[in-house]
Amino acid sequence: MSKNGKVALVTGGGQGIGRAIALRLAKDGFAVAVVDYNGETAKKVAEEINHAGGKAIAQLADVSNREQVFAAVEAATKQLGGFDVIVNNAGIAPTTLIEDITPEIVDKVYNINVKGVIWGIQAAVKAFKSLGHGGKIINASSQAGHVGNPELAIYSSSKFAVRGLTQTAARDLASLGITVNAYCPGIVKTPMWEEIDRQVSAAAGQPVGYGTKEFAKNITLKRLSEPEDVAACVSYLAGPDSDYMTGQALLIDGGMVFN
Ligand SMILES: NC(=O)C1=CN([C@@H]2O[C@H](COP(=O)(O)OP(=O)(O)OC[C@H]3O[C@@H](n4cnc5c(N)ncnc54)[C@H](O)[C@@H]3O)[C@@H](O)[C@H]2O)C=CC1
Ligand SMILES: CC(=O)C(C)=O
């Protein structure tokens with residue numbers, strides 16, 4: 001049994017923001033299922049939680065595969081003794097100049113960033129219903145889901161889609177006692193951001209770090225965010241203090257986007 005008696009599942013939990021969320025939710029008292037298509041990193045994060053006195057399991061699943069997502073939620077429910085929160089965090093962000101976009105890249109990004117969230121929502125609803133209680137669904141959008149980001153057309157549009165899904169699911173699932181919210185980080189220091197910086201800088205013929213400077217110009221708080229900044233917000237969305245919040249897409253971007 002976890003310290004707060006609750007179970008959370010985090011997709012893309014093997015590194016970056018997902019790892020920070022898994023560690024934070026474990027600290028908050030959740031038993032955590034760390035799900036990733038990289039089995040090694042998921043295992044490492046679960047071990048880190050267990051060594052620190054928490055309770056975690058690692059699960060291998062590709063969120064673009066509906067059956068694997070349902071299987072992960074079912075296994076988490078059985079092995080951890082319940083199911084209360086899903087964090088649909090896994091995502092990819094290749095840069096996509098408009099004229100170079102191919103059907104393959106659209107499918108790849110949408111299969112993970114959009115369909116992966118849909119499968120996560122469906123699998124969580126099935127688990128909550130079978131357990132006879134409500135729950136919390138938390139989705140990864142982005143500041144790029146509030147404003148179109150240069151050179152990230154497909155990624156940005158996928159994150160707008162996540163906001164749309166979040167609002168609609170919040171309305172559709174409220175009667176089941178399920179809340180649905182999204183978090184919308186700005187630039188977070190993770191391997192994903194490092195890769196975007198490399199691609200944007202190279203496309204501009206500039207050294208690594210140029211992309212970061214360009215994107216970061218408008219951050220009011222004048223610093224990039226840490227994965228832990230995002231995890232703190234997700235901790236709130238996963239806990240009881242957000243019980244009266246649903247359909248929201250919280251910006252955690254240091255003031256990059258005011259709306
Ligand atoms: N880093 C940033 O600046 C921002 C990130 N985000 C979003 O936050 C989420 C996490 O991003 P980061 O931690 O930065 O990314 P990351 O690339 O550093 O880590 C992503 C994790 O997800 C896993 N993953 C990717 N595709 C998967 C799939 N199909 N099935 C299972 N696991 C999969 C990867 O193996 C990795 O462990 C993403 O949805 C991203 O779009 C949003 C705003 C800003
Ligand atoms: C990768 C991403 O979502 C950014 C920069 O907001």
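**Ligand 1 and its surroundings**

Let me begin with the pocket: the space that ligand 1 takes up is the largest pocket, and please keep in mind throughout that what we are looking at is a predicted model.

Around ligand 1 there are 26 residues, and the closest of them are Asp36, Asn89, Tyr155, Gly186 and Thr190. If we sort that shell by class, we find 14 nonpolar residues, nine polar ones and three charged ones. Which helices each supply at least two residues of the shell? They are helix H1, which covers 16-27, helix H5, which covers 153-173, and helix H6, which covers 191-203.

Turning to individual contacts, a backbone N or O atom of Ile17 lies 2.8 Å from an oxygen atom of ligand 1, and a backbone N or O atom of Asn89 is placed 2.7 Å from an oxygen atom of the ligand. With Asp62 the contact comes from the side chain, where a polar atom lies 2.9 Å from a nitrogen atom of ligand 1. As for cover, ligand 1 taken alone exposes 840 Å², and the protein buries 95% of that area.

Let me now leave the ligand and turn to the aromatic rings, since the structure holds one aromatic pair. The rings belong to Phe83 and Phe128, and because their centres are 5.7 Å apart and their planes stand at 35 degrees, the pair counts as tilted. Phe83 sits in the loop between helix H3 (66-80) and strand S4 (85-88), whereas Phe128 belongs to helix H4 (residues 103-131), so the pair ties together parts that are 45 residues apart in sequence.

Definitions and conventions. Residues are numbered from 1 along each chain as its sequence is written. Chains are lettered from A and ligands numbered from 1 in the order in which they are written. This is a predicted model: local features need pLDDT of at least 70, side-chain atom pairs count only at pLDDT 80 or more; totals for chains, interfaces and linings use all residues. Side-chain values use heavy atoms; hydrogens and water are left out. A residue is near a molecule or strand if one of its heavy atoms lies within 4 Å of it. A polar contact is a pair of N or O atoms within 3.5 Å; within protein, one must be able to donate a hydrogen and the other to accept it, and residues adjacent in sequence count only if both atoms are side-chain atoms. Accessible areas come from the Shrake-Rupley method with a 1.4 Å probe; for residues, only the protein chains shown count as cover. On a 1 Å grid over the protein atoms alone, a cavity is a set of points where a 1.4 Å probe fits but cannot get out, and a pocket is an open set with protein on both sides within 12 Å along at least five of seven lines; lining residues have an atom within 4 Å of a point. A molecule sits in a cavity or pocket if more than half of its atoms lie within 2 Å of its grid points. Helices (H or I, at least four residues) and strands (E, at least two) are DSSP runs, numbered from the N terminus. Ala, Val, Leu, Ile, Met, Phe, Trp, Tyr, Cys and Pro count as nonpolar, Asp, Glu, Lys and Arg as charged, and the others, Gly among them, as polar. Rings of Phe, Tyr and Trp (its six-membered ring) pair if their centres lie within 6.5 Å; planes under 30 degrees apart count as stacked, over 60 as edge-to-face and the rest as tilted.
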